Amino acid sequence: MDTLTLPDLDVVRTTLIACELRADDEAASDDLGVMDVRFSPFNSWYRISSYWEGDFLERSAPGAFKRTIKAHNSAAAEDAHNIKTLFNHGMDFHIGDKILGRIEKVREDSDSPVSTVRLFDTSYNRDLLPGLRAGVYGSSFMFRVVKDEWNNEPGASDHNPDGLPERTLKEVRVFEAGPVTWPANPAASSGMRCMSGTDTYYEHLARLDPHRVDGMRARLTALRSSRPDDVTRPADGPANAPTSDPASRHSDGNRRGERARRIREARLAALQS
């Protein structure tokens with residue numbers, strides 16, 4: 001599958017890094033304590049295998065969250081555009097999209113962005129407390145890509161034995177981050193390929209708003225049908241340049257520049273259709 005995606009696609013990433021519930025001396029009578037959500041470890045490669053996004057490796061770079069963090073921390077507490085904290089992205093059958101707590105601060109540590117959340121004293125949060133204290137929940141976040149960097153022909157390496165395209169997230173806008181039951185592990189791999197977090201999210205959204213998802217699928221299909229064919233990648237191997245120009249993979253990059261230009265034109269055409 002190719003790596004062209006809708007520019008306004010909201011995507012989901014999960015990690016085994018636990019949501020940490022910690023004691024707090026400033027706890028009030030109407031809250032249950034403070035939870036730290038570390039939701040995107042930096043420079044950790046993980047594989048995306050998704051109907052919506054394609055098949056590639058991805059990582060987040062330090063600094064990718066600074067603008068969205070600054071906007072959140074400077075906004076009024078009641079601002080509807082602030083980052084939210086939900087359980088399982090609001091898809092839990094019992095809790096739904098109830099907000100778990102008020103985010104006191106979002107920051108970038110040296111290893112990951114972190115949101116500090118003061119949990120509301122509610123029945124649904126009390127149901128989550130034992131698992132949060134035991135550290136058995138992972139973290140996940142929903143975001144939209146603002147800036148990214150692609151290496152479409154990286155070649156095989158220790159972290160990328162199949163030579164899949166590699167994407168580095170340089171800037172993202174975060175909408176939501178919180179605990180999840182079934183996190184993915186960026187540092188591990190297995191023979192079983194599970195549905196990606198993004199696919200799970202859109203399958204759930206399709207049940208709630210099928211017309212919206214059908215429209216996005218139509219745009220995605222149109223975008224992929226207009227994908228330039230000057231570079232192909234077998235399903236079981238690294239990307240290959242055209243056989244007529246085998247040296248172009250390591251040349252001065254003119255063909256890559258042309259491909260990037262054609263990709264941008266295809267994206268613009270899809271958005272205007």
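**Strands, rings and a helix**

Colleague: Is Arg59 buried, exposed or partly exposed, and at what relative accessibility?

Modeller: Bear in mind that this is a predicted model. Buried would need a value under 20% and exposed one over 50%. Arg59 falls between those cut-offs, so it counts as partly exposed, with a relative accessibility of 25%.

Colleague: With which side chain does the side chain of Arg59 make a polar contact?

Modeller: Arg59 sits in strand E5, which covers residues 54-60. Beyond its neighbours within four places in sequence, Arg59 touches Asn43, Ser44, Trp45, Tyr46, Arg167, Thr168 and Leu169. From that list, the side-chain polar contact, at 3.1 Å, is with Thr168.

Colleague: How far apart in space are Arg59 and Ser40, C-alpha to C-alpha?

Modeller: Along the sequence, 19 residues separate Arg59 from Ser40. In space, their C-alpha atoms are apart by 8.7 Å.

Colleague: Glu58 is in strand E5 too. What is the relative accessible area of Glu58?

Modeller: Leaving out neighbours within four places in sequence, Glu58 has contacts with Arg13, Ser44, Trp45, Tyr46, Ile48, Arg167 and Leu169. Anything under 20% is buried. Glu58 is therefore buried, as its relative accessible area is 0%.

Colleague: And which side chain is joined to that of Glu58 by a polar contact of 2.6 Å?

Modeller: There are two side-chain polar contacts to look at here. The one with Arg167 comes out at 3.1 Å, so it isn't the one you want, because the 2.6 Å contact from Glu58 goes to a tyrosine, Tyr46.

Colleague: What is the phi of Asn43?

Modeller: Asn43 belongs to the loop between E3 and strand E4 (46-50). Asn43 is partly exposed, because its relative accessibility is 44%. Phi is positive here even though the residue isn't a glycine, and lies near 55°.

Colleague: His89 also has a positive phi. Where is the place of His89?

Modeller: The phi of His89 is about 55°, again without being a glycine. His89 is buried, because its relative accessible area is 10%. Its place is the loop between helix H1 (66-74) and strand E6 (101-108).

Colleague: Which are the edge strands of the open sheet of 4 strands?

Modeller: The order across that sheet is E2-E3-E7-E6, and the pairing is antiparallel. An edge strand pairs on one side only, which picks out E2 and E6.

Colleague: Which residue in E3 stands opposite Glu20?

Modeller: E2 and E3 pair in the antiparallel sense, over 3 bridges. Within E3, the residue facing Glu20 is Asp36.

Colleague: At about what angle does H2 run to E7?

Modeller: H2 spans residues 123-134, and its buried residues are Tyr124, Asn125, Leu128, Leu129, Gly131 and Leu132. Their cover includes strands E2 (20-22), E3 (31-38), E7 (113-120) and E9 (166-180). H2 lies across E2, E3 and E7, and to E7 it runs at about 135°.

Colleague: Which residue with a positive phi follows H2?

Modeller: Helix H2 takes in residues 123-134. Right after H2, with phi near 70°, comes Gly135.

Colleague: The structure holds 10 aromatic pairs. What kind of pair do the rings of Tyr51 and Trp52 make?

Modeller: Tyr51 is partly exposed at 37% relative accessibility, while Trp52 is buried at 1%. Their ring centres are 5.5 Å apart. The planes stand at 90°, and planes over 60 degrees apart count that way, so the pair is edge-to-face.

Colleague: How many residues apart in sequence are the parts that Phe87 and Tyr137 tie together?

Modeller: Those two rings are edge-to-face, because their planes are at 80°, with centres 5.4 Å apart. Both Phe87 and Tyr137 are buried. Phe87 is in the loop between H1 and E6 and Tyr137 in the loop between H2 and strand E8 (138-151), so the parts they tie together are apart in sequence by 50 residues.

Colleague: Which residues form one aromatic cluster?

Modeller: Phe143 is one member, and outside its four-place sequence neighbourhood its contacts include Leu9, Val11, Leu169 and Val174. Phe65 and Phe143 are also among the residues that touch the most other members of the largest nonpolar core, which has 48 residues. The full cluster is Phe39, Phe42, Phe65, Phe141 and Phe143.

Note on methods. Residues are numbered from 1 along each chain as its sequence is written. Side-chain values use heavy atoms; hydrogens and water are left out. Helices (H or I, at least four residues) and strands (E, at least two) are DSSP runs, numbered from the N terminus. Buried means under 20% relative accessible area, exposed over 50%, partly exposed in between (1.4 Å probe, protein chains only). Contact means heavy atoms within 4.5 Å. A polar contact is a pair of N or O atoms within 3.5 Å; within protein, one must be able to donate a hydrogen and the other to accept it, and residues adjacent in sequence count only if both atoms are side-chain atoms. A nonpolar core is a set of buried Ala, Val, Leu, Ile, Met, Phe, Trp, Tyr and Cys residues joined through side-chain atoms within 4.5 Å. Two strands pair if DSSP finds at least two bridges between them. Axes are lines fitted to C-alpha atoms, for helices over the stretch in contact, and angles run from 0 to 180 degrees between N-to-C directions. Rings of Phe, Tyr and Trp (its six-membered ring) pair if their centres lie within 6.5 Å; planes under 30 degrees apart count as stacked, over 60 as edge-to-face and the rest as tilted.
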